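Visitor: I'm new to this one. Please pick a part and walk me through the details.

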Amino acid sequence: MDHDHTGILAVIVAHNECRSVKINVRILLDELAGTGSEIVVVDNYSNDGLQEWLSAQRAISSIICDNMQGYGTILSVVLREFKDHRDLLLLRANCFLTPGSIAALKETLDAQEEIAAAAPVGNLLAGEQKCSEAATYQEACRYSSGQAKSFVKTAYLDADVMLLKRDTALYIRENAQIPLAAMREYRREVLKRGGSFAVVKNAVCFSVCAANEEAYRTFAPEVHKKEQLLRLLYRFGDLTYEGVHLYKYLEPDIVNGIYQQKKLHNTVRDRSIYMWQSEQPVRSSREEAQAAEKMLETLPQKEVLFVTLFLRRMYQGRFEHTAIEPFIESIGEEKYLDLEFVSDVAAQESFQIPTKNRYAMLISAVPAIYGIQDTDRQRISDYLWENIIHPLEQVLQIQFPLDFLKGCLSKAVYILKERSGFLKFYRNVIEKVKPKVILYSHGQDRLLDYLRDAALEAGIPTLEIAHGVTVLGAYHKHLAYADKVVAFSSMIAEKSRLSGNPYVLGIGKPDVYKNQKIYQKDHLKIVIAFISSLEGELFTYAKNLADRLDKQKYQIIYKMHSAELWTDQEIQTIESMCINLKFAGGNMDIRDLAGMSDIAVGICSTGIFDMLPYPMVKVIAVRDKAEYDLPNTLAEIIQETADRGELVIAEDETQLYEEVMDYERGTQYRKVPGSFWPDDAGEKFQELVYSYL
């Protein structure tokens, strides 16, 4: 076929969507007339008259694919039949582009070499791609005509409609059965090759219905369910209750609720939502509130504002904020102040806290000073059920327990009562300090969620210091906990970028190789530290290994997670029965544990990465057997770390035992510095922070 390569190849894949296809073809014929373009409709098992209608058309091409299963397979056939190096417009049958949109997409695609695909905004899309809630096609046309010609670079595109640049369509894998899965793999391959995407503001698609997913449920029901869940969770970021993006505050609890209900993690996961009882924020006494107000009056102006939670541990005589202290100390004292939330101001006086320019803020004083908002409990309950809980139950085909529903409601009521006062508090702090950048760790905590909202409102950039090996998926402004995340490794940053978030920076952790206290191990037992991240099977591994090993030669230490639920009686009973197994509390600093250990074992705990700067410690990751409905990128990071020789992966208990028996004291198991932890983190972090100043 002799085609004008300046045109495009428009492909609509449809299943029992005859009416939508007819409308779409009419629009596309008008838009593409005289451009050397071609329209191909792929009928996928339709029985609504679409096949008969297509057979009578002369202005378009068509493919009937009753014997083909899977979206990737269908697209590969289209590319073989019509491959001529034109850009490829992929449309779900329910997406109708407004006049001029295709030209705007093509212009953007041709404008910059690194843009591999461009997408419009739409009324059924989410995040950056969402336009107004247009109720008619005419309204969508008016919306597009009012938008300036501009585009936003992004790492995330919705799978329903996009214009792909020429040969990048070859990145779509034939074995990807579901449209969302196929296009996510396409995006990942583009990102891996250094490409990017664009959302074009004056290109608009309109839809009055969801795409027909019936065929894909049939082809791959479990994959389809996972893809629908991912899309649903992403769209939750656009929902608001009285102007509040409420889902963001509940996201950790809802994701854990999904894990619990689906038994996707063999563990007692975080039970905070089940234990959430109060719906009324606690107010401090009048005297405590007055003292807090006086403290706030003394806040100086600083260019950098750290806001921290009271999550400190004792290490070498200092009561440190383990996640963020090295970052704070790498910034000059004259540049920053640290505002730290505490539950008891008086109790701080006896601690040796190293943080300079630290101001302790009593949490309960904020509601006392700035007030508590009235809420309508029934309206909140109806909102949660209709917009979040029930849609999740429908997609996952599950029923959440009553305790979970009560916990979500109680937390939502509490947050809406508390949030308005904290926003007033943060506005006051920002006005006094006048920071150019705000930094914090543990961004999912509600107190820091409020801070993120206040910073967005004020237009002040935010940085989150990762407190673990956290990989964030596709970026959505209202689901992100900061504008950028400082991660511990370039490896993590790369995985984040390929997952759809380009705002994760692999800086490292300052001084991670310094001040390591190593215990003298001559003539002592070989110590094997199991580091828990609440996986139920890890304790089983620890106990079984303790039973199997020589009690005179080996000592097992089981380091509990700080949220792990063990009673003193349970611990005493286990330790008395298993004499070479001891529990270590969740507050024990990982560096102290590293100093006394010969071997470290974990499943998905980020604590095993904290062992890597200690070259004489053998680090073993046992393969995670849990299934996930959400992407488990941590497993990829563990695998890549193993591929680089930093740790070893044991597939099961048998291999774990063999790896333990292969350990030899005095062996250097890693080079220092290794490939996971960079040794210039302090300089990188300073450079990043000063770029805001």
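Guide: Helices (H or I, at least four residues) and strands (E, at least two) are DSSP runs, numbered from the N terminus. This is a predicted model, where local features need pLDDT of at least 70 and side-chain atom pairs 80 or more, while totals for chains, interfaces and linings use all residues. Residues count from 1 along each chain as its sequence is written, and side-chain values use heavy atoms, without hydrogens or water.

Let's look at the second largest pocket (on a 1 Å grid over the protein atoms alone, an open set of points where a 1.4 Å probe fits, with protein on both sides within 12 Å along at least five of seven lines; lining residues have an atom within 4 Å of a point). Its volume, the space filled by probe spheres set on the points, is about 670 Å³. In all, 32 residues line this pocket, and Gln-228, Arg-231, Leu-232, Arg-235 and Val-395 lie nearest its centre. Two or more lining residues come from each of β9 (196-206), α8 (221-235) and α14 (377-396). Helix α8 gives the most, with eight residues. Sorted by class, the lining has 14 nonpolar, eight polar and 10 charged residues, with Gly counted as polar, and Tyr and Cys as nonpolar.

While you're here, there's also an open sheet of seven strands, paired in parallel in the order β14-β13-β10-β15-β16-β17-β18; strands pair if DSSP finds at least two bridges between them. The edge strands, β14 (358-362) and β18 (504-506), each pair on one side only. Strand β13 (residues 336-342) runs parallel to β14, and they pair over five bridges. Val-342 stands opposite Leu-362 in β14.
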